[in-house]
Amino acid sequence: MSKNTANSTTGADGDETANATPSHANPLVTVDELRTYYESEKLLGGKPVKAVDGVSFEIGRGETFGIVGESGCGKTTLGRSILRLEDIEDGTVTFDGTDVTSLGRRELKEWRRDAQMVYQNPTSSINDRMTVGEIIREPLEVHNWKTASQRRDRVWELLDRVGLRSEHYHRYPHQFSGGQRQRVGIARALALEPEFIVLDEPVSALDVSVQAKILNLLSELQEEFGLTYMLIAHDLSVVRHICDRVGVMYLGTLMEVGPTEQLFESPSNPYTRSLLSAIPQPDPSVGADRITLRGTPPNPRDPPTGCVFSTRCPFKIRQPEHEQLTDDQWAGIEEFRRVIRERDQARTTVVQRAKGQLGLGSRFTPIREVTNELFGSLSYPDAIKETLDRATELVAGGNVTEARDLLDEEFSTVCEHDTPCQQGVTDEQSSRCHRHSQEYQEPGEYLSDSGEYLPE
Ligand SMILES: Nc1ncnc2c1ncn2[C@@H]1O[C@H](COP(=O)(O)OP(=O)(O)OP(=O)(O)O)[C@@H](O)[C@H]1O
């Protein structure tokens with residue numbers, strides 16, 4: 001797929017409002033501080049799921065822009081929000097100079113001709129009693145496109161263009177293979193001649209040999225019709241193969257954006273580095289600086305303060321007096337803090353509150369068992385040991401929030417206090433990490449060959 005270039009912009013250190021997404025010379029889509037929250041538990045007093053939480057980037061005309069990240073980080077919500085298939089909380093999406101977030105219903109329907117979506121399983125949400133011809137024809141009918149016979153002709157033309165045959169018109173999706181069904185989904189998305197298509201995991205349900213054919217088809221169609229793609233994928237090799245630029249998402253936040261090769265060859269953000277280091281190497285002896293991420297991503301109803309990656313970041317900035325702790329000592333503290341945070345958060349969930357009111361017991365292991373497990377084989381400097389013991393006593397006495405505050409006061413740093421701004425790290429690459437600020441070392445300078453933390 002085509003390769004475009006982006007202009008550079010450099011952000012101001014530590015300034016939350018400075019937003020230094022490298023801007024594209026010829027953007028088709030501009031996303032600015034987009035937020036989409038799901039409020040499903042709001043009536044019960046629960047917090048919203050912050051599925052997309054302040055995302056900004058641009059997609060150039062004719063470009064393929066990839067979005068990668070672990071399951072649940074908000075990729076699909078981002079794609080659907082850009083197409084206004086989800087209600088957005090805040091922010092704007094500009095398409096070819098028009099702010100589509102302020103369009104009324106009729107204008108929105110018109111605009112949707114230009115912007116379509118292809119799903120992982122495109123026929124799953126479609127009435128299985130519709131024939132393939134009817135499925136592809138449906139958007140033409142919704143938009144009252146030309147005459148009935150012209151619509152039929154258009155469907156035949158599309159079937160041919162995506163590699164299906166005219167006799168497939170009257171068949172049903174369940175009679176088709178996965179690859180053929182995906183071709184139907186692509187034909188349907190193309191029906192109204194859009195300029196922009198969000199491809200949501202278009203090949204992840206397919207065999208590898210079929211994947212290549214569908215990706216080639218998408219590439220040919222892009223060339224032929226001048227399409228712009230946003231490709232959502234968790235398969236990094238697919239992204240590397242076909243995307244011009246990539247955005248890396250974590251917990252509703254865009255951690256890094258840059259040209260694909262640059263980002264894969266020299267990732268700047270600690271999360272991108274962790275994500276890429278998890279790709280299996282063909283040669284197992286190459287992989288010395290593989291980074292193992294502890295735990296799972298936090299709950300998007302209660303994201304961490306400061307940097308969203310701070311609770312799992314192997315490059316997290318430490319207080320100067322904690323720089324000399326070994327990786328194991330530090331990991332023990334971080335795990336202890338995670339356990340206490342989780343207990344503190346659980347006290348505020350609807351289910352836990354209801355359990356408390358009903359007098360049902362806690363699901364948690366007694367705290368002293370946890371600390372024995374975590375710290376049993378480790379020794380700490382006296383001052384730290386004292387803090388850990390005090391926190392344990394507080395939890396044992398039911399004062400979980402006080403324990404959390406105590407540990408925060410002792411161990412938290414800028415990573416947990418301030419949200420890092422998105423700043424330019426090269427002409428075309430931008431990343432959100434406090435370590436890009438002058439007073440700290442860049443993330444890459446902090447790992448030894450065996451992946452250990454190396455303070456200055
Ligand atoms: N309709 C909904 N109501 C409430 N929460 C939702 C809804 N849809 C998604 N979420 C939540 O929003 C977050 C982001 O989900 P999303 O599907 O956008 O992530 P994703 O990165 O596309 O995941 P995957 O790769 O598994 O498809 C998740 O925590 C998910 O559980």
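Good morning. Let me open with a definition: helices, of the H or I kind with at least four residues, and strands, of the E kind with at least two, are DSSP runs numbered from the N terminus. In that numbering, helix α1 provides the largest share of the shell around the ligand, namely 3 residues. I should say at once that what we are looking at is a predicted model.

Let me stay with the ligand for a moment. It is surrounded by 14 residues, and the closest are Y38, A51, S71, T76 and T77. Two elements, β2 (49-60) and α1 (75-82), each supply at least two residues of this shell. By class, the residues of the shell around the ligand comprise 8 polar, 5 nonpolar and 1 charged.

I turn now to the sheet. Here 8 strands form an open sheet with mixed pairing, and their order is β6-β7-β8-β3-β9-β10-β12-β11. At the edges lie β6 (115-118) and β11 (422-424), each of which pairs on one side only. On average, and ignoring direction, neighbouring strands of this sheet are turned by 20 degrees against each other.

One pairing in the sheet deserves a closer look. Strand β7, residues 196-200, runs parallel to strand β8, residues 228-232, and 5 bridges join the two. Within this pair, I197 has Y229 of β8 as its bridge partner.

The last topic is helix packing. Two packed helices are described by the angle between their axes and the distance between the axes.

Consider α3 (residues 132-142) and α5 (residues 178-190) in these terms. Their axes come within 7 Å and cross at roughly 25 degrees. Angles under 35 degrees count as roughly parallel, so α3 is roughly parallel to α5. The crossing of these two helices is right-handed. On the α3 side, V132, I135, I136 and P139 meet V184, A187 and R188 of α5. This contact of α3 with α5 has 6 nonpolar residues, 1 charged residue and no polar ones.

Helix α5 also packs with α6 (residues 208-225): the axes come within 10 Å, and the crossing angle is roughly 15 degrees. These two helices, α5 and α6, are therefore roughly parallel to each other. Their crossing is right-handed. From α5, the contact draws on G178, G179, Q182, I186 and L190, and from α6 on V210, K213, I214, L217 and L221. The residues of the contact of α5 with α6 divide into 6 nonpolar, 3 polar and 1 charged.

Thank you for your attention.

How values were computed
Residues numbered from 1 in each chain as written. Predicted model: local features only at pLDDT ≥ 70, side-chain atom pairs only at ≥ 80, totals over all residues. Pairing = 2+ DSSP bridges. Axes fitted to C-alpha atoms, helices over the stretch in contact; angles between N-to-C directions. Parallel < 35°, antiparallel > 145°, perpendicular 65-115°, else oblique. Left-handed = near helix turned anticlockwise from the far one by under 90°. Contact = placed C-beta atoms within 7 Å. Nonpolar A, V, L, I, M, F, W, Y, C, P; charged D, E, K, R; others polar. Near = placed C-beta within 6 Å.
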